[in-house]
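Visitor: I'd like to learn how to read a fold like this one, feature by feature. Could you walk me through it?

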Amino acid sequence: VGYSQADNLTLQASISQGIGLIQTTPVQTPTFTTAGPVTFTLTVRSPADSILTDTATIVVVAPAAGSFTTTGSMVKARLGAGVAELQDGRILLVGGNDFVAGSLVDAELYDPTTGQFAPTGPLNLGRSGPVAVTLDDGRVLVAGFDELLQPTTEFYDPATGQFSMGPNTKASGVASLVKLADGRVIAFTGGTAGLTAELYFPVPGHLER
C-alpha cells in the first residue's frame with residue numbers, strides 16, 4: 001500500500017490491522033494468518049484541522065499457503081523453455097518451441113514485483129529445449145541443441161538485455177547445468193554421449209571434459 005502527501009507534509013495517515021501513524025511509503029502490512037479477502041481502512045487527516053479527514057477502504061486477497069495463484073501471462077507461448085533466476089530476482093525464459101515456428105529465439109523476463117512478463121533481446125540461434133544457469137558475475141549461460149543441432153552456448157547479459165555466443169560444448173545435447181560453489185558450472189549431456197559431463201570455467205572461459 002502506498003500513499004502520496006503531495007506538498008502537504010503536515011498530513012498524517014494510519015491504516016487498520018494494527019498499524020499506527022505512517023511516516024513513509026510503502027506501508028508494510030501485517031502477515032496474513034488466513035487466506036481470503038482482507039479489508040484495510042486508510043485514514044488521512046490534518047492535525048491542523050480535524051474536519052479535513054478522509055478514509056479509503058482497501059481490499060486485498062491473501063493466497064492460501066501451499067497453493068498456486070494466477071499471475072501475468074507470458075509474451076510468447078512456448079514449451080520446453082530454459083529458465084534461470086537473475087541476481088535481482090527476475091526470471092529469464094529463453095527459447096522453447098511453439099510447434100508453429102519451431103525452435104524459438106524469443107526470450108522474456110518475469111518481474112515478481114509486478115507479476116508481469118516483458119520481452120528481452122532474442123537468442124542468436126533458436127533452441128527447442130535449452131537449459132540455463134546464472135553465473136556469479138550475473139550473466140546467464142544457455143546451452144543445449146540449437147536449431148542447427150550444434151553444441152553451441154550463449155550468454156545473456158542482464159545489463160544490456162542482449163545475448164552473445166559462448167564456447168561450444170564438447171558433446172551435444174546438454175540436458176542440465178548446475179553451478180558449483182566455486183563458480184564453475186557442470187554440464188551433463190543428454191545426447192548420444194549421455195555419460196559425458198563437462199566443466200565450464202567462467203575465467204578464462206572454456207569447457208573441459
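**Strands, cores and two buried residues**

Guide: Let's start with a single pair: Val131 has Ala143 in β10 as its bridge partner. Keep in mind that we're looking at a predicted model.

Visitor: How many bridges hold β9 and β10 together, and in which sense do they pair?

Guide: The general idea goes like this: strands in a sheet pair through backbone hydrogen bonds, and they can do so parallel or antiparallel. Here β9 and β10 are antiparallel, with 4 bridges between them.

Visitor: Which sheet do these strands belong to, and in what order?

Guide: Follow the pairing from strand to strand and you get an open sheet of 4 strands, β9-β10-β11-β12, with antiparallel pairing. At its edges you'll find β9 (131-134) and β12 (162-165), each paired on one side only. On average, neighbouring strands in this sheet are turned by 25° against each other, ignoring direction.

Visitor: Zooming out, what is the secondary structure of the whole chain?

Guide: The tally is 0 helices and 16 strands. The chain has 209 residues, of which 35% count as buried. Its exposed surface comes to about 11900 Å², with carbon and sulfur atoms supplying 56% of that. For contacts between residues at least 6 apart in sequence, 38% join residues at least 24 apart.

Visitor: And the sheet that contains β5: what is its strand order?

Guide: That one is open too, with 4 strands in the order β5-β6-β7-β8 and antiparallel pairing. β5 (82-85) and β8 (116-120) each have a single partner strand, so one side of each has no neighbour in the sheet. From one strand to the next, the twist averages 25°.

Visitor: How do I read the register across those strands?

Guide: Pick a residue and look for what lies across from it. β5 and β6 run antiparallel and are joined by 4 bridges, with Val83 opposite Leu93 in β6. Now step over to the next strand: the bridge partner of Leu93 in β7 is Glu108. β6 and β7 are antiparallel as well, again over 4 bridges.

Visitor: What about the hairpin of β5 and β6: which residue there takes a positive phi?

Guide: That's Gly89, with a phi near 95°, in a hairpin that has 5 residues between its strands.

Visitor: Which residues make up the largest nonpolar core?

Guide: Look for buried nonpolar residues linked through their side chains. The largest such core has 12 residues: Ala84, Leu86, Leu92, Val94, Ala107, Leu109, Leu123, Ala132, Val140, Val142, Tyr156 and Phe163. Two or more of them come from each of β6 (91-94), β7 (107-111) and β10 (140-143). There's also a second, separate core of 11 residues, including Val131, Ala143, Ala187 and Tyr200. You've met two of those already: Val131 and Ala143 are the bridge partners we began with.

Visitor: If I click on Leu123, what does it touch?

Guide: Leaving out residues up to four places away in sequence, Leu123 touches Val94, Gly95, Leu104, Val105, Val142, Glu154 and Phe163. Among these, Val94, Val142 and Phe163 are in the largest core too.

Visitor: Now a charged side chain. Is Arg78 buried or exposed?

Guide: Check the relative accessibility: Arg78 comes in at 12%, so it counts as buried, the cut-off being under 20%. It's in the loop between β4 (49-62) and β5.

Visitor: Which polar groups does the Arg78 side chain meet?

Guide: One is the backbone oxygen of Gly95, at 2.8 Å. Another is the side chain of Glu108, in a polar contact of 2.6 Å. Setting aside residues up to four places away in sequence, Arg78 touches Leu93, Val94, Gly95, Asn97, Leu104, Asp106, Ala107 and Glu108.

Visitor: One last residue: where is Gly138 found?

Guide: In the loop between β9 and β10. Gly138 has 8% relative accessibility and counts as buried. Beyond its neighbours within four places in sequence, Gly138 is in contact with Gln87 and Pro158. Its C-alpha atom is 9.8 Å from that of Glu85, a residue 53 places apart from Gly138 along the chain.

Key. Residues are numbered from 1 along each chain as its sequence is written. This is a predicted model: local features need pLDDT of at least 70, side-chain atom pairs count only at pLDDT 80 or more; totals for chains, interfaces and linings use all residues. Side-chain values use heavy atoms; hydrogens and water are left out. A nonpolar core is a set of buried Ala, Val, Leu, Ile, Met, Phe, Trp, Tyr and Cys residues joined through side-chain atoms within 4.5 Å. Buried means under 20% relative accessible area, exposed over 50%, partly exposed in between (1.4 Å probe, protein chains only). Contact means heavy atoms within 4.5 Å. Two strands pair if DSSP finds at least two bridges between them. Axes are lines fitted to C-alpha atoms, for helices over the stretch in contact, and angles run from 0 to 180 degrees between N-to-C directions. A polar contact is a pair of N or O atoms within 3.5 Å; within protein, one must be able to donate a hydrogen and the other to accept it, and residues adjacent in sequence count only if both atoms are side-chain atoms. Accessible areas come from the Shrake-Rupley method with a 1.4 Å probe; for residues, only the protein chains shown count as cover.
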